[in-house]
Amino acid sequence: LSSEIKSFSSSYIALREVEKKTIQEWALPICHDVITDTLRKIVSQSMSTHQTTERYKGGRKEQALENMNSGCATNEDRRVLNGEACAWCAGNLPDASFRRGVQSTYCSQECAEEGRLRRGGMYASTRVRAQVFSLESGICQKCGIDTNALFIRMKSLEPSERLNVLMNANWKLPKTQKALHNLLHNPKEGDFWQADHIKAVAEGGGDAGLDNLRTLCTPCHQVETERLRGRLKLMDKSQSKEVRVKESSRTDIRTLFAKQQQSTKKPRKKRSAD
């Protein structure tokens, strides 16, 4: 038993925080020697369920608004829009939600997490960043740099001292003079880390849960963005080539009639000279 505990512990410690959370919420038993395979299975199921190129598909409240605008709203839609049901799943809100001075949007913590990630809206990116940060604390999942600690240190220094700190951290500096000036004189948290989609939105990773999000420092995120652009260019080229092949294989029906008319025409006899 002790060897199994050690095996499970070593595999579990090596996981990302969001992966640990996924394992904790998995309802079925997990064997110590297949924790990685189990995690891969959970993530693949989640990705196949939510595969879309839309960043946010919305929850039950967004569907209710669409139905209301289309003139086909149901009683359940009206309950959601009136704040009487969960904005994510349309389930019943807890009794405490209807007390004076209390306003609830979701029926449970699970719906709150899903809704904040997938409903979109004005503050969607801020909510996504907050949930990713609560799990990974600003640690880049590729190079391991603590971006939050670097940001806090940068804020505490004078602009003249900040460049040396970035150089010592092997930070890839912005390419433009304006961006470098802003980073040194007015550093912001968004300059240091990004909530990155592991499977890009353009490749079907939209409507993502936490299992498809990770923390990347800005330089690592730029590298991943360039790779994505390269893949999309190759995809566009292959798709355009397929279109050209299909178009070239199609036969214009007018050419068939033209050929048929030419074949039925009798050649004219040349007149002999008198």
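**Exercise 1. Decide how helix α9 lies relative to helix α10.**

In this predicted model, α9 and α10 turn out to be roughly perpendicular to each other, and the solution shows the steps that lead there.

*Step 1.* Two packed helices are described by the angle between their axes and the distance between the axes. For α9 (residues 159-168) and α10 (residues 177-185), the angle is about 105° and the axes are 8 Å apart.

*Step 2.* Angles of 65 to 115 degrees count as roughly perpendicular, and the description of α9 and α10 as roughly perpendicular therefore follows.

*Step 3.* Now look for the residues that form the contact: Pro159, Arg162, Leu163 and Leu166 in α9 meet Leu183, Leu184 and His185 in α10. Sorted by character, the residues of this contact comprise five nonpolar, one polar and one charged.

**Exercise 2. Work out the arrangement of helix α8 and helix α9, and state which residues bring them into contact.**

*Step 1.* The axes of α8 and α9 are 9 Å apart, and the packing angle is about 155°. Since angles over 145 degrees count as roughly antiparallel, α8 is roughly antiparallel to α9.

*Step 2.* The handedness can be added to this picture, for α8 passes α9 in a right-handed crossing.

*Step 3.* On the α8 side the contact is made by Leu150, Arg153, Met154 and Lys155, which meet Arg162, Val165 and Leu166 in α9. This contact of α8 with α9 divides into four nonpolar residues, no polar ones and three charged ones.

**Exercise 3. Find the residues at the heart of the largest nonpolar core, and follow the contacts of Phe192.**

*Step 1.* In soluble globular proteins, nonpolar side chains tend to be buried together. Here the largest nonpolar core has 15 residues, of which Leu150, Leu166, Trp171 and Phe192 touch the most other members.

*Step 2.* Next, ask which elements contribute: α8 (147-156), α9, α10 and β2 (213-217) each supply at least two residues of this core.

*Step 3.* Phe192 has contacts with residues more than four places away in sequence, including Leu150, Phe151 and Met154, as well as Leu166, Trp171, Leu183 and Leu216.

*Step 4.* Another core, of seven residues, lies apart from the largest one, and among its members are Val128, Val132, Trp193 and Leu210.

**Exercise 4. Compare the surroundings of Asp196, Ala90 and Asn170.**

*Step 1.* Asp196 is placed in strand β1 (residues 193-197). With a relative accessible area of 8%, Asp196 is buried, because buried means under 20%. When residues up to four places away in sequence are not counted, Asp196 touches Asn212, Leu213, Arg214, Leu216 and His221.

*Step 2.* Ala90 belongs to the loop between α5 (75-81) and α6 (109-118), and its phi is near 70°, a positive value in a residue other than glycine. At a relative accessible area of 6%, Ala90 is buried.

*Step 3.* Asn170 lies in the loop between α9 and α10, and although Asn170 is not a glycine, its phi is positive, at about 55°. The relative accessibility of Asn170 is 71%, so Asn170 counts as exposed.

**Exercise 5. Describe the protein as a whole.**

*Step 1.* The protein contains twelve helices and two strands, and from the N terminus on its elements run α-α-α-α-α-α-α-α-α-α-β-β-α-α.

*Step 2.* Of the 274 residues in the protein, 31% are buried. Among the contacts with a separation of 6 or more, 54% are accounted for by residues 24 or more positions apart.

How values were computed. Residues numbered from 1 in each chain as written. Predicted model: local features only at pLDDT ≥ 70, side-chain atom pairs only at ≥ 80, totals over all residues. Heavy atoms only, no water. Axes fitted to C-alpha atoms, helices over the stretch in contact; angles between N-to-C directions. Helix = DSSP H or I, 4+ residues; strand = E, 2+ residues; numbered from the N terminus. Parallel < 35°, antiparallel > 145°, perpendicular 65-115°, else oblique. Contact = heavy atoms within 4.5 Å. Nonpolar A, V, L, I, M, F, W, Y, C, P; charged D, E, K, R; others polar. Core = buried A, V, L, I, M, F, W, Y, C linked by side-chain atoms within 4.5 Å. Buried < 20%, exposed > 50% of the residue type's maximum accessible area, 1.4 Å probe, protein only. Left-handed = near helix turned anticlockwise from the far one by under 90°.
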